[in-house]
Amino acid sequence: MKENIRILKRILNYIKPYIFFVVASIFFAAVSATLSLFLPVLTGDAVDMIIGKGQVDWNGLTIVLLKMALVVAVSAAAQWILGACNNHITFGTVRDIRKDAMRHINELPLSYLDRHPTGETVSRIIADADQFADGLLMGFTQFFTGVITIIGTLVLMFMLSPAITLVVVVLTPLSIFVASAIAKSTYRYFKKQSEVRAVQTTIISEMIEQEKIVQAFAYEDRARQRFNANNSELTGVSLKALFASSLTNPSTRFVNNMVYAAVAVSGAYAVIKGRFSIGSLTAFLTFATQYTKPFNEISGVVTELQGAIACAGRIFELIDEKAELPDADDAVLLDDVKGNIDIDDVCFSYTEDKKLLENVNIHAHSGERFAIVGPTGCGKTTLINLLMRFYDTKSGSIKVDDKDVKKLTRHSLRTNFGMVLQDTWLKPGTIRENIIMGKPDASDEEMIRAAKNSHAHSFIKQLPNGYDTVIGEDGGALSQGQKQLICISRVMLALPPMLILDEATSSIDTRTEIRIQKAFATMMKGRTSFIVAHRLSTIKEADCILVMKDGNIIEQGKHEDLLKQEGFYSNLYRSQFEV
Amino acid sequence: MKRLLKYLKDYKLECFLGPLFKLLEATFELIIPLVVKRIVDVGIPGHDMAYIGKMVGLMLLFAVVGLVCALSAQYFSAKAAVNFAAGVKKDVFSHLLSLSYSEIDTLGTSTMITRLTSDIASVQGGVNMFLRLFLRSPFVVFGAVIMAFTIDFKAALIFVAAVILLSIVVYGIMALTAPKYRSIQGRLDKVMLSARSNLNGVRVIRAFGTEKREFDEFSEKNDSLTSLQIITGRISALMNPFTFIIINAALIYLLWTGGVAVDTGRLTQGDVVALVNYMGQILVELVKLANLIVQLSRALACADRIADVLDMEPSMKEGEKNVPAAENPCSVEFKDVSVRYAGASEEAIRDISFKVPSGSTVGIIGGTGSGKTSLVNLIPRFYDTADGSVLIDGTDVKDYTYASLRSRIAVVPQKSVLFTGTIKDNLLFGREDASDEEIIKALKDAQAYDFVMDKDGGLEAEVSQGGSNFSGGQRQRLCIARALIKHPGILIMDDSTSALDFATDAALRKAIKEMDDAPTLFIVSQRTASIMHADIIVVLDEGSAVGMGTHEELLDTCSVYREIYESQF
């Protein structure tokens, strides 16, 4: 419960910017509720003017009916504004929370994102936020009107009979008590529901995202089985949660009926004792029903809100996830980069128990070209993760132009590196948007020149809309090689002072590659570069080859020197000519 | 929605009992004021506290029965709604998996996921609410109208007019908002797409320092979703005031005409009071109904989107020939094959023919975008040919059932994708009933055994999503092992050794050749070294086969091949 209150407080914080709408909402709720209470009174007056044949007070009736018309018009307008305000508050709040979640994702360390399935994270931002909105809207719509109706009827009842009002006031907390007891005992069902649903979302997103692989392995039936098993579980859990949420309303209504009965008894008793008139009792009973009704609704809102809180809790969990260590206060911008990179005694591991890099030392001078070779899993990609500061070193230091990377702003460090990875990623959008990603203000000529240099221009030109062709999720129908060419164009356009090419041309045919190599060579001139590659042509021309194995640099030097050493590298080199 | 109704079929009883109990509950609720009336009319004038006590006891009894009815109603409608949603979800999931590659390409993942999750949730809510209220509200409304008729025909006509007017308003608002709810879901798709692509591309986004721009794009989509939600909300919010105005206008008119009728002696004051009460009951019910309708229009829009998916026919028709796969290598023949993708201006593959005897190795080489993947994608029938046919063991791939066709083929895709779970789970993805020995053999053949054993937990080591805790080369080898475990008749390696060093690559090819019943092997590669020992090499250039033969033959006859070869040595 404490947890819930904490979450509720945070939700209120998000609502704060909409305080104007909240005030308006309360005001119009008050107006419409008061007027709604006033309407039966007017109706009563009107009825009193139609007593019998020839006994109709036409003047009075006209005035009362006109008053009613006015009340109805004002009340209806108030209701509409109230609804609009509530909408505004709810959807605005959800938008803000979603935004914060997304902004936070941008600050999360990669270690978190690498560990958590995209489906699960997306489910928090989309599905949970959506359900939260539904709950919140329901809450706002009924809460204020309810409260004001309660206060209004209380006043009217008090005017009729303070004693019986006391009976009502004493008994009604019962329904709140019942509602909160139910809420408390059913909270776990909601939580469980959220959890099982998250698993389902993960299955859905993995299986649907990788549907092609699923089909290639004729895994459909097994995917269905897995999904069905989870779906059955979710069905059971949801049924419990849904039923639990619908327990409250009938239960509180039951309590209210008891209140009603109590009023009837005590009222009847009062009438018999001559302290109360029959007419007053009738009116009192009407008010008593009107008074208890909001309690029903509010208790319904409580369950609805509970679901909403569970969802909000899951979003907040994401928002609370520890962000990347922020840039140091005295972090400086990396500019005017020469490209001297010093890696000293760097150790790193993803998990405590398993060392991945051990005492790595690399000293690159401005404009030098480094090739990293080694068997798969030797730590090449990890090294790149550290250079880009996607992860932080456990010990040792990495310096760019004698400045420790931890003392630089991440943004400036990263944008000074041009990176092409083997895993191509294109954002959904046009090809143009993808190429100018690193330099949004590039002119068309610059963009086309970059595309020509990376030999992407010719195939882009053939697409239905050229550079404005919209590519779908994950590059759509483009081939892997074509995607890679676009990624290369992206770097060729941005031209940062340091380069990281991790198998950047792995999916590109060698003839095209050789042509790109020329452009690469021009690009690398004066730029410190790290190249992970298997192609000897690339490696041979490097100023220094780093041979890595099991997280260590075991050999280092120029191609010819390394061959002469007759070590690991020369073996690797020779294996190419054997089968 | 009609399309989805059949999912309620198994829950007819619940669909009947839910509303029935709701109705009973409403009836008991309506009786209570009558009991009070007896207290007032009989008990109080007679000063009979015992009678009053009896009546109060009766009231409590009704309250208890009402509670039981209400809980039953909630239970049955919840049961029907939840099971309905589960049934729909099951079929939609299953249906999505049966779509062909070209539909997957056009539809996109994000929208498939929203339809499966958010849309179905919304329909579930709608069904639940509908079952609880759809009988009750009309019951009360029509009951009140009929009661009005028993009092006075002329006055009752006001009721009829009001109800007709209300129906028009309700229908109008629904018609106005339904398409809006549809586009809200559409915009939700876009928000989701944006969120997903941000997560998937996080490395590139951070490397280019474009977090802010990506975030702004997300915000923009998020804002456009919100503004539509607010606008639609405003229209929906009209429902309540409108019903309020109509009912109260009717009430005012009723009081006025009632005044006239009483004045002439046609009605009594009591009659007017009763009519006014009935009007009041209608209003209360309609307020509930209005909320229902807002939720319903959203549910209907979502139901349509789900039905759209279910109606989407896979563009390929599954064959009927179900031949269990033997563990023998298969022969493959391409006959005058052409491929054209939807929306493409040119053919991706043009007129290619060649025969592959079982057990032989085919190398496919060619420039970026020359159609290598398109060609091998035809073997497991991921796409259909525009012209010509592909035969496996003499039978057209279109004649096989998908399961029997794909059970004999294993594919190692270009992009190595692993699933969350353990290494073993991922390998069993290839074949469910593989024994540990088979797993280990496959790992060894795929040159993956050593690094797997180095992992904590070995085969039970966890793979995080997409396999991000493995290097590119490790992922590729796990994908290869996953394929080998199938004991396929045909193995397609679509440039799937690009992240392997040459030594590993060579050892891998050697291991595959030495397997028992070694599969017919298709190797797509950029490297001549990977394919130069193949029995047939197909050289592709812009969708056409410009050379076919062995390495030596091609060096003599095919200039494209020679160029590729020379570029690598």
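Guide: Helices here are DSSP runs of H or I with at least four residues, strands are runs of E with at least two, and both are numbered from the N terminus. With that in hand, Asp336(A) sits in the loop between helix H10 (278-320) and S1 of chain A. Keep in mind that this is a predicted model.

Visitor: What makes the phi of Asp336(A) worth a look?

Guide: Its sign. Phi of Asp336(A) is near 55°, a positive value in a residue other than glycine. Most residues other than glycine have a negative phi.

Visitor: And is Asp336(A) buried or exposed, and how do you know?

Guide: You count C-beta atoms: 12 or fewer others within 10 Å makes a residue exposed. Asp336(A) has 8, so it's exposed.

Visitor: Where does Arg381(B) lie, and what is its phi?

Guide: Arg381(B) is in the loop between helix H12 (372-376) and strand S4 (387-392) of chain B. Its phi is positive, about 55°, though it isn't a glycine.

Visitor: Why is Arg381(B) called buried or exposed, whichever it is?

Guide: The bar for buried is 20 or more other C-beta atoms within 10 Å. Arg381(B) has 24 of them, so buried is the verdict.

Visitor: What comes just after H11(A)?

Guide: Another positive phi: Arg389(A) takes a value of about 55° just after H11(A).

Visitor: What makes helix H11 (residues 380-387) of chain A count as mostly covered?

Guide: Eight of its eight residues are buried. The names run Lys380(A), Thr381(A), Thr382(A), Leu383(A), Ile384(A), Asn385(A), Leu386(A) and Leu387(A).

Visitor: How do you know that strand S1 (residues 341-348) and strand S2 (residues 357-364) of chain A pair?

Guide: Pairing needs at least two bridges found by DSSP. S1(A) and S2(A) have five, in the antiparallel sense, so they pass. One of the residues to look for is Val346(A), whose bridge partner in S2(A) is Val360(A).

Visitor: How do S1(A) and strand S4 (residues 395-400) of chain A pair?

Guide: Also over five bridges, and antiparallel. Here Cys347(A) has Ser395(A) as its bridge partner in S4(A).

Visitor: Over to chain B. Why is Gly126(B) called buried or exposed, whichever it is?

Guide: Gly126(B) has 23 C-beta neighbours inside 10 Å, and 20 is enough, so it counts as buried. You'll find Gly126(B) in helix H5 (residues 109-133) of chain B.

Visitor: What is Gly126(B) in contact with, leaving aside neighbours within four places in sequence?

Guide: Gln295(B), Leu296(B) and Ala299(B). For a contact, the C-beta atoms must lie within 7 Å. There's also a C-alpha separation of 7.9 Å between Gly126(B) and Leu292(B), which are 166 residues apart along the chain.

Visitor: How much of chain B's contact set comes from residues 24 or more positions apart?

Guide: Counting contacts with a separation of 6 or more, those pairs account for 78%. As for burial, 52% of the 569 residues of chain B count as buried.

Visitor: What is chain B built from, and how do you know whether it's spread out or a compact globule?

Guide: Chain B has 21 helices and 12 strands. Its radius of gyration is 35 Å, while the globule rule gives 25 Å for 569 residues, so chain B is more spread out than a compact globule. Along the principal axes, its C-alpha atoms fill a box of roughly 115 × 50 × 50 Å.

Visitor: How far apart are the domain centres in chain B?

Guide: The assignment gives domain 1 (2-311) and domain 2 (326-408 + 522-569) in chain B, and their C-alpha centres are separated by 58 Å. In chain A the assignment gives domain 1 (2-320) and domain 2 (425-495), with C-alpha centres 50 Å apart.

Visitor: How many residues does the contact between the chains take?

Guide: Chain B gives 144 residues and chain A gives 138. On the chain B side, helix H3 (residues 49-98) gives the most, with 23 residues. By class, that side has 68 nonpolar, 56 polar and 20 charged residues.

Visitor: Finally, how confident is the predictor in chain B?

Guide: Mean pLDDT is 85 for chain B, and 99% of its residues reach 70 or more. Confidence in chain B is lowest in helix H4 (residues 101-107), at a mean of 78, and highest in strand S10 (residues 520-524), at 93. The model scores ipTM 0.78 and pTM 0.76.

Note on methods
Residues numbered from 1 in each chain as written. Chains lettered and ligands numbered in written order. Predicted model: local features only at pLDDT ≥ 70, side-chain atom pairs only at ≥ 80, totals over all residues. Contact = placed C-beta atoms within 7 Å. Nonpolar A, V, L, I, M, F, W, Y, C, P; charged D, E, K, R; others polar. Domains from an automatic or database assignment. Rg over C-alpha atoms; globule rule 2.2 N^0.38 Å. pLDDT = per-residue confidence, 0-100.
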